[in-house]
Amino acid sequence: GINAEYGDGLNEHLDVYYPTVAGEYMVILFLPGLDGDIPVVAYADVMSNIASHGIIVVGITTFPSLPDDDIAVEFEKVNAWCLQYLTTYIQRYSSGVYADDKNHTVLMGHSAGCKMVVKFLIGGCSNIKGAILLLSLIHISEPTRLL
């Protein structure tokens with residue numbers, strides 16, 4: 001993966017994983033566990049494996065001091081950054097790899113990161129076409145607490 005630079009009001013550390021073969025690929029925006037507090041690098045093997053199957057993955061590590069509602073707002077800022085800059089950013093490292101983020105963007109969360117994904121979707125989906133939630137309901141006494 002590569003580390004995206006901060007800018008344009010972006011407060012997150014982004015790790016970008018992408019296929020090595022030229023083409024236009026869908027994008028997954030990934031929020032790790034503990035509401036994004038776990039560094040994405042802890043998921044590097046999984047993110048690299050997903051990218052090897054023809055998907056661009058943007059892993060988001062937020063600042064742990066943000067309240068839940070602000071994380072959803074920051075999630076939208078990352079989405080906007082991707083729409084504007086992701087392909088240009090990837091082109092610095094791998095020519096011929098393009099993000100089809102206007103038509104094929106999916107959100108993915110792990111554990112408590114799923115809560116933020118659901119909050120973002122409730123607020124409006126913009127260009128988001130789907131969601132992948134990686135969690136075990138065994139540890140949640142009330143599944144509605146995700147909302």
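# Reading the strands, cores and ring pairs of a predicted model

Modeller: There are four helices and seven strands in the protein chain; both are DSSP runs, numbered from the N terminus, with helices being H or I over at least four residues and strands E over at least two. This is a predicted model, in which local features need pLDDT of at least 70 and side-chain atom pairs count only at pLDDT 80 or more, while totals for chains, interfaces and linings use all residues. Residues are numbered from 1 along each chain as its sequence is written, and side-chain values use heavy atoms, with hydrogens and water left out.

Colleague: In what order do the elements of the protein chain run from the N terminus on?

Modeller: The order is β-β-β-α-α-β-α-β-β-α-β.

Colleague: How should strand pairing be read, and over how many bridges do β3 and β4 pair?

Modeller: Two strands pair if DSSP finds at least two bridges between them. Here β3 and β4 pair in the parallel sense over five bridges, and Val 27 stands opposite Ile 56 in β4. β3 also pairs with strand β6 (residues 105-110), again in the parallel sense and over five bridges; in β6, Thr 105 is the bridge partner of Val 27. With β5, β3 forms three bridges in the parallel sense, and Gly 23 has Val 97 as its bridge partner there.

Colleague: What is a nonpolar core, and how many residues does the largest one have?

Modeller: The term denotes a set of buried Ala, Val, Leu, Ile, Met, Phe, Trp, Tyr and Cys residues joined through side-chain atoms within 4.5 Å. Buried means under 20% relative accessible area, exposed over 50%, and partly exposed in between, with a 1.4 Å probe and protein chains only. The largest nonpolar core has 24 residues, and among those with the most contacts inside it are Val 16, Leu 29 and Phe 75. The elements that give two or more residues to this core include β2 (13-17), β3 (23-31) and α3 (68-91). α3 gives the most, with seven residues. A second, separate core of 13 residues includes Tyr 17, Phe 30, Met 47 and Ala 51.

Colleague: Which residues does Leu 29 touch?

Modeller: A contact means heavy atoms within 4.5 Å. Not counting residues up to four places away in sequence, Leu 29 touches several residues, among them Val 58, Phe 75, Cys 82 and Val 106. Cys 82 counts as buried, at 2% relative accessibility.

Colleague: How is an aromatic pair described, and how many does a search of the whole structure find?

Modeller: A pair of aromatic rings is described by the distance of the centres and the angle of the planes. Rings of Phe, Tyr and Trp (its six-membered ring) pair if their centres lie within 6.5 Å; planes under 30 degrees apart count as stacked, over 60 as edge-to-face and the rest as tilted. The search finds four aromatic pairs. Phe 30 and Tyr 43 form an edge-to-face pair, 4.9 Å centre to centre with 70 degrees between the planes. Phe 30 lies in strand β3 and Tyr 43 in the loop between α1 (33-36) and α2 (44-51), so the pair ties together parts that are 13 residues apart in sequence. Both Phe 30 and Tyr 43 are buried.

Colleague: Why is the pair of Tyr 89 and Tyr 93 tilted?

Modeller: The ring centres of Tyr 89 and Tyr 93 are 5.5 Å apart and the planes stand at 55 degrees, so the pair is tilted. Tyr 89 counts as buried, at 3% relative accessibility, whereas Tyr 93, at 45%, counts as partly exposed.
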